[in-house]
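Me: I have a structure to look at and would like to go through it with you. May I ask some short questions as we go?
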Amino acid sequence: MVTDRVQKVCIIGASGKLGQYMVRHALDRGYEVVGVCRERSVPKLAGFDGRMTIVPGPTNDPEVIRQAVAGCDGVLTVLVPWGVRQYASGTAQAVLDHARPDARLVFSCGWHITRDGKDRYSRTFRAGLRIATRLAKLLRYAEIDDQVEACRRVFASDTRWTVVRGSTLEEGESQGLPVWSRHVGDPVLAGNLMRRVDFALFMVAALTDDSLVREAPAIVGCRTSGALARVGDPH
């Protein structure tokens, strides 16, 4: 069921590629937009000057998030596992603590997140994830396990959350709203590819889709082989 209760949206991680696409989609829908990003990244949002409010600061800073989400009907959060200081879980916790009790909360992550353990991953996927996790931690670049912890906290909350799990991303023009499944391994997800602009489209659309409340959809581009096999090629 689609509802239309959203007027003001906070986008946490607004300066990144995914974040900027979400800003664009949210503005196109007529939403009032507040964006959060690190102070050094504020110039990346220059193209939206005068059309949104920017709150600069670390996204895992509770005071920054408290200020940014005040009065927002929806919060879109890019869960980035930067560094080795629990950045993703700190960001998620700040949102859970300070967003309005009835706010619509939508978080982004990758397919590696599982809610119920029923996802089925290929050997190649599992091997790549192990290598990426170890290498990122060794280089102190990212904590992929902390993104898992962040989502665990979201799943355990009693908020109106959705955790959107994205497949491999590419740039390009929009192909339309992605398709989704509750579990990785579903044949509809076989294409494992999606336009980043469409990942952002799904995130923004989820704000008003009550059928996605407390769901963790794994999504894929609507023009991939699995998606077309499921719904047919509209062209």
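Me: How many residues of strand E6 are buried?
Reply: Please note that this is a predicted model. In strand E6, which covers residues 160-166, 7 of the 7 residues are buried, and the strand is mostly covered.

Me: Which way do the residues of E6 point?
Reply: Arg-160, Thr-162, Val-164 and Gly-166 point one way, and Trp-161, Val-163 and Arg-165 point the other way. The residues on both sides are buried.

Me: What does E6 pair with, and in which sense?
Reply: Strand E5, residues 104-110, pairs with E6 in the parallel sense over 7 bridges. One of the bridge partners is Gly-166 in E6, which belongs with Gly-110. E6 also pairs with strand E10, residues 218-220, in the parallel sense over 2 bridges. There, Arg-165 stands opposite Ala-218 of E10.

Me: What is the order of the strands in the sheet?
Reply: The sheet is open and has 8 strands, in the order E3-E2-E1-E4-E5-E6-E10-E8, with mixed pairing. Its edge strands are E3 (53-56) and E8, each of which pairs on one side only. On average, neighbouring strands are turned by 25° against each other, with direction ignored.

Me: How many bridges join E1 and E4?
Reply: Strand E1, residues 8-12, pairs with E4 in the parallel sense over 4 bridges. Among the bridge partners are Val-9 and, in E4, Gly-74.

Me: Now the helices. Which strands does H1 lie across?
Reply: Helix H1, residues 17-28, lies across E1, E2 (32-37), E4 and E5. The helix runs at about 170° to E1.

Me: And which strands does H6 lie across?
Reply: Helix H6 lies across E4, E5, E6, E8 and E10, running at about 155° to E5. This helix spans residues 196-206 and is mostly covered, with 11 of its 11 residues buried. Those buried residues include Arg-196, Asp-198, Phe-199, Leu-201, Phe-202 and Met-203.

Me: Changing topic: how many salt bridges are there?
Reply: The count comes to 10 salt bridges.

Me: Which residue forms a salt bridge with Arg-165?
Reply: Arg-165 forms a salt bridge with Asp-119, and the closest N and O atoms are 3.1 Å apart. Arg-165 lies in strand E6 and Asp-119 in the loop between E5 and helix H4 (123-138), so the pair ties together parts that are 46 residues apart in sequence.

Me: Are those two residues buried or exposed?
Reply: Arg-165 is buried, with a relative accessible area of 1%. Asp-119 is buried as well, with a relative accessible area of 10%.

Me: What does Arg-196 of H6 meet in a salt bridge?
Reply: The side chain of Arg-196 meets that of Glu-171 in a salt bridge, at 2.3 Å from N to O. This pair links distant parts of the chain, 25 residues apart: Arg-196 is in helix H6, and Glu-171 is in the loop between strand E7 (169-170) and strand E8 (179-181).

Me: Why does Arg-196 count as buried?
Reply: Arg-196 counts as buried because its relative accessibility is 18%, and buried means under 20%. Its partner Glu-171 is partly exposed, with a relative accessible area of 38%.

Me: Which residues are joined into one network by salt bridges?
Reply: Asp-73, Arg-100 and Asp-102 are joined into one network by salt bridges that share partners.

Me: What about Glu-63; which residue is its salt-bridge partner?
Reply: Glu-63 forms a salt bridge with Arg-66, the closest N and O atoms being 2.4 Å apart. The two are 3 residues apart in helix H2 (residues 62-69), so about one helical turn separates them. In an α-helix there are 3.6 residues a turn, so residues three or four places apart point the same way. Glu-63 is partly exposed at 44% relative accessible area, and Arg-66 is partly exposed at 39%.

Me: One last residue: where is Leu-79?
Reply: Leu-79 is in the loop between strand E4 (74-78) and helix H3 (87-98). At 2% relative accessibility, Leu-79 counts as buried.

Me: What is Leu-79 in contact with?
Reply: Leaving aside neighbours within four places in sequence, Leu-79 is in contact with Ala-88, Ala-92, Phe-107, Ser-108, Gln-147, Ala-150 and Cys-151. In addition, the C-alpha atoms of Leu-79 and Asp-146 are separated by 9.6 Å, while the two residues are 67 residues apart along the chain.

Definitions and conventions:
Residues are numbered from 1 along each chain as its sequence is written. This is a predicted model: local features need pLDDT of at least 70, side-chain atom pairs count only at pLDDT 80 or more; totals for chains, interfaces and linings use all residues. Side-chain values use heavy atoms; hydrogens and water are left out. Buried means under 20% relative accessible area, exposed over 50%, partly exposed in between (1.4 Å probe, protein chains only). Two strands pair if DSSP finds at least two bridges between them. A salt bridge is a side-chain nitrogen of Lys or Arg within 4 Å of a carboxyl oxygen of Asp or Glu. Contact means heavy atoms within 4.5 Å. Axes are lines fitted to C-alpha atoms, for helices over the stretch in contact, and angles run from 0 to 180 degrees between N-to-C directions.
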